[in-house]
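Welcome! Please open your viewer, find the selection tool, and get ready to click your way along a protein chain.

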Amino acid sequence: MGVESVLLDEKKSSTYKFALMSAVIDYVIEKPNEYPQNGFHNIPIIYLAKRWLYYYYPLMVYGEEGVRQGNTQIALRRVIRDFIEKQEDKQFLFSDPEAILQIKDKIDSNEILDKPLISLLIDIRKRIVEQPLQYTQVTVGKRKEKELVEGVNVKDPSFTLFGLINTSIPLNEHRDYQVIRKKSESWKGRKDESNWYDLEADETAFIQMGHYTYTELVKSRFFIKDAIIKRWIEFTIDSYLEKDAQAIYALFHGLYLHKKESERENVLMKKMRAIATEIFQPMKCIYCESEISSFALDHFIPWSKYPVDRFWNLFPTCTSCNSKKSDKIVELEEKIQHRIEDYLRVWVLYFQTNQEEFSRLGGKEVEYLEMDAIEQSIKFLIEQIRVINKNLI
Ligand SMILES: [Zn+2]
């Protein structure tokens, strides 16, 4: 996707490009540890729609001025307005910009979403498919040509930058590049109530990203997010003569809803720590082998270098080794490897019997858990640690 075309000073660009970029980055922020499938990460379009709702809802409530560029914005304004007007529950203050927090809580806690909210999400999704995605695809088409000219191996999926994917959506044959236009047929008739999890699971269209690109984005995700927000704010300020302070406030409000989710990593670490306390007894430091009285759950591959809070990278250490090690990369020498293997065995056994918890914690390495031979999965995990470690040194 043409990142540069979003970030460049183009007066004619409209906010949906910022919204698209921001939503993609929010996905990365929310799932820095996502495990690729066949080398790819697939970002469901309905996920992007959810993010758009968070961004635009406060803007709609604060005033139309913040969103007046382009047809998509007009359409968005209409669908969000309709949604607010249709609410029967007048106790719930839908006209309050903070109401989006309540909607977000509903979505995050996987409560049943009522039909108007589902319709709204599907409606926004349709706008995304019809508008910004269509244009980004043009860029993808050009990129492919460029790569061929420069002799880059486009067949290697891990080097695929950013593209649109689709598995089940028919391509528009009127164009020489792949266009994805999902008509939302299967969703239109959707009458049932549904929770967020099911809604996302039903998605058939995705933005697809190679793992290599994804991990690069993970490393600088907050920086990229800030850069996009900065551009969006500047764009909004430039667009209005009257410098609508409320619109700016509303924009920040919607865009920074992700903060809560980045904090979720701490919640995850707390949970991992609680499990570790329960399952690792007795506890010995993986570095100095001393018995631990108060332990630290160490990221063997330092978090600052590879921000992954997965079980296969988390091992108990004494607090003194942990602070000595800090964010240094430690070589996986034999002794350490053996101690790590011991812990991995306990982790894997635990998650094998608690698979639901495993997926709640964002676990995707299911294949390791499903292996019959536990020693084989340990071997794979060790290999994974070794490869990542080596590449970082
Ligand atoms: Zn130690």
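The tour below goes stop by stop, with something to select at each one.

**Before you start**

This is a predicted model, so keep in mind that local features need pLDDT of at least 70, that side-chain atom pairs count only at pLDDT 80 or more, and that totals for chains, interfaces and linings use all residues. Residues are numbered from 1 along each chain as its sequence is written.

**Stop 1: the whole chain**

Show the protein chain as a cartoon and you will see 19 helices and seven strands. Here, helices (H or I, at least four residues) and strands (E, at least two) are DSSP runs, numbered from the N terminus. Of the 393 residues of the chain, 33% count as buried. A residue is called buried if 20 or more other C-beta atoms lie within 10 Å of its own, exposed if 12 or fewer, and partly exposed in between, with C-beta atoms placed from the backbone.

Contacts tell you about the fold too: two residues are in contact if their C-beta atoms, placed from the backbone, lie within 7 Å. Among contacts between residues at least 6 apart in sequence, 77% join residues at least 24 apart.

**Stop 2: strand 1 and its partner**

Select residues 40-44, which form strand 1. Which residues make up its covered face? They are His41 and Ile43, while Phe40, Asn42 and Pro44 make up the uncovered face. Now add strand 5, residues 205-210: strand 1 and strand 5 pair in the antiparallel sense over five bridges. Two strands are said to pair if DSSP finds at least two bridges between them. To see one place in this pairing, click His41, which stands opposite Met209 in strand 5.

**Stop 3: Leu53 and Ile84**

Move on to Leu53 in helix 3, residues 45-62. Is Leu53 buried or exposed? Leu53 is buried, because 27 other C-beta atoms lie within 10 Å. Leaving aside its neighbours within four places in sequence, Leu53 is in contact with Leu120, Leu121 and Ile124. Try a distance label as well: the C-alpha atoms of Leu53 and Arg125 are separated by 9.7 Å, although these residues are 72 residues apart along the chain.

Next, select Ile84 in helix 4, residues 70-86. Ile84 has 17 other C-beta atoms within 10 Å, so Ile84 is partly exposed. From Ile84 to Tyr57 is 9.8 Å, C-alpha to C-alpha, and 27 residues in sequence.

**Stop 4: unusual backbone angles**

Most residues other than glycine have a negative phi, and most peptide bonds are trans. Here are some places to look for something else.

- Asn110 has a phi near 65°, a positive value in a residue other than glycine. Look for Asn110 in the loop between helix 5 (99-108) and strand 2 (112-113). Asn110 is exposed, because 11 other C-beta atoms lie within 10 Å.
- Ser326 has a positive phi of about 50° although it is not a glycine. Ser326 sits in the loop between helix 15 (319-325) and helix 16 (334-353). With 8 other C-beta atoms within 10 Å, Ser326 is exposed.
- Gln281 and Pro282 are joined by a cis peptide bond, with omega about -5°. You will find Pro282 in the loop between helix 14 (264-279) and strand 6 (295-299).

**Stop 5: strand 7**

Select residues 314-318 to bring up strand 7, where five of the five residues are buried. Leu314, Pro316 and Cys318 point one way, Phe315 and Thr317 point the other way, and all are buried. Strand 7 pairs with strand 6 in the antiparallel sense over five bridges. In this pairing, Ala296 stands opposite Thr317.

**Stop 6: helix 16 meets helix 19**

Finally, show helix 16 together with helix 19, residues 374-392: they pack at an angle of about 125°, with their axes 10 Å apart. Axes are lines fitted to C-alpha atoms, for helices over the stretch in contact, and angles run from 0 to 180 degrees between N-to-C directions. Helix 16 and helix 19 are therefore oblique to each other. Angles under 35 degrees count as roughly parallel, over 145 as roughly antiparallel, 65 to 115 as roughly perpendicular and the rest as oblique.

Before you leave helix 19, click Gln384. Gln384 counts as partly exposed, because it has 16 C-beta neighbours inside 10 Å. The C-alpha atoms of Gln384 and Trp312 are separated by 9.1 Å, with their places 72 residues apart along the chain.
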